[in-house]
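Reader: Please show the model, and then take me through its contacts, sheet and helix packing.

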Amino acid sequence: MENKKRLLIVRFGDSKQYRLEFEDNSTNPYVHPNPLAPVEKELNDCLEKEFPGKTFAYYTTPHVTEISWEHRDQYSDYPVLDANAVQEIKNTLRGEIEDMDDVKEINRNAPYDRLNKDALGKD
């Protein structure tokens, strides 16, 4: 089986979309490489250090769209997923997680929060 060139459009959380081009060297048609695994691990490791005890699956799981190699020119203006892009994604995800925490805190202090706790029998 020959190498197949592939183009993925990728985003994490609400980050920008990035372009990732690579060659699929797999000889098994049922096994596809996961070129995003190192990026996902790096994002998880970074966020776990900054926000211990939280989960990040929504933020660090890549949202991927594969584009036919013949149509790659239509996506040439997308930024490339590289080390600079990963740093940009980390900054975006940090902001998203901080916003999520802020909203949770606001909701916790909402005027009807006491009613919710009373209904659930919590104090």
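**Contacts, sheet and helix**

Author: Phe12 touches Val39, Leu43, Tyr59, Thr60, Thr61, Pro62, His63, Ile89 and Leu93, leaving aside residues up to four places away in sequence; contact means heavy atoms within 4.5 Å. This is a predicted model, in which local features need pLDDT of at least 70 and side-chain atom pairs count only at pLDDT 80 or more, while totals for chains, interfaces and linings use all residues. Residues are numbered from 1 along each chain as its sequence is written, and side-chain values use heavy atoms, with hydrogens and water left out.

Reader: Which element gives the largest share of the largest nonpolar core?

Author: A nonpolar core is a set of buried Ala, Val, Leu, Ile, Met, Phe, Trp, Tyr and Cys residues joined through side-chain atoms within 4.5 Å, where buried means under 20% relative accessible area with a 1.4 Å probe and protein chains only. The largest one has 19 residues, and those with the most contacts inside it are Phe12, Leu43, Leu81, Ile89 and Leu93. Two or more residues come from each of β1, β2, α1 and α3. The largest share, five residues, is that of α3.

Reader: How far apart are the end C-alpha atoms of α3?

Author: Helices (H or I, at least four residues) and strands (E, at least two) are DSSP runs, numbered from the N terminus. The expected span is 1.5 Å times one less than the number of residues. For the 26 residues of α3 (residues 83–108) that gives 38 Å, which agrees with the end C-alpha distance of 37 Å.

Reader: Which elements do the buried residues of α3 pack against?

Author: The buried residues of α3 are Ala85, Val86, Ile89, Lys90, Leu93, Arg94, Glu96 and Ile97. In an α-helix there are 3.6 residues a turn, so residues three or four places apart point the same way. The partners of the buried α3 residues are β1 (4–12), β2 (18–24), α1 (37–50) and α2 (57–60).

Reader: What is the order of the strands in the open sheet?

Author: Two strands pair if DSSP finds at least two bridges between them. Seven bridges join β1 to β2, and six join β1 to β3; both pairs run antiparallel. The open sheet of three strands therefore has, by the pairing rule, the order β2-β1-β3.

Reader: What is the bridge partner of Val10 in β3?

Author: β1 and β3 are antiparallel and joined by six bridges. In β3, Val10 has as its bridge partner Val64.

Note on methods. Buried means under 20% relative accessible area, exposed over 50%, partly exposed in between (1.4 Å probe, protein chains only).
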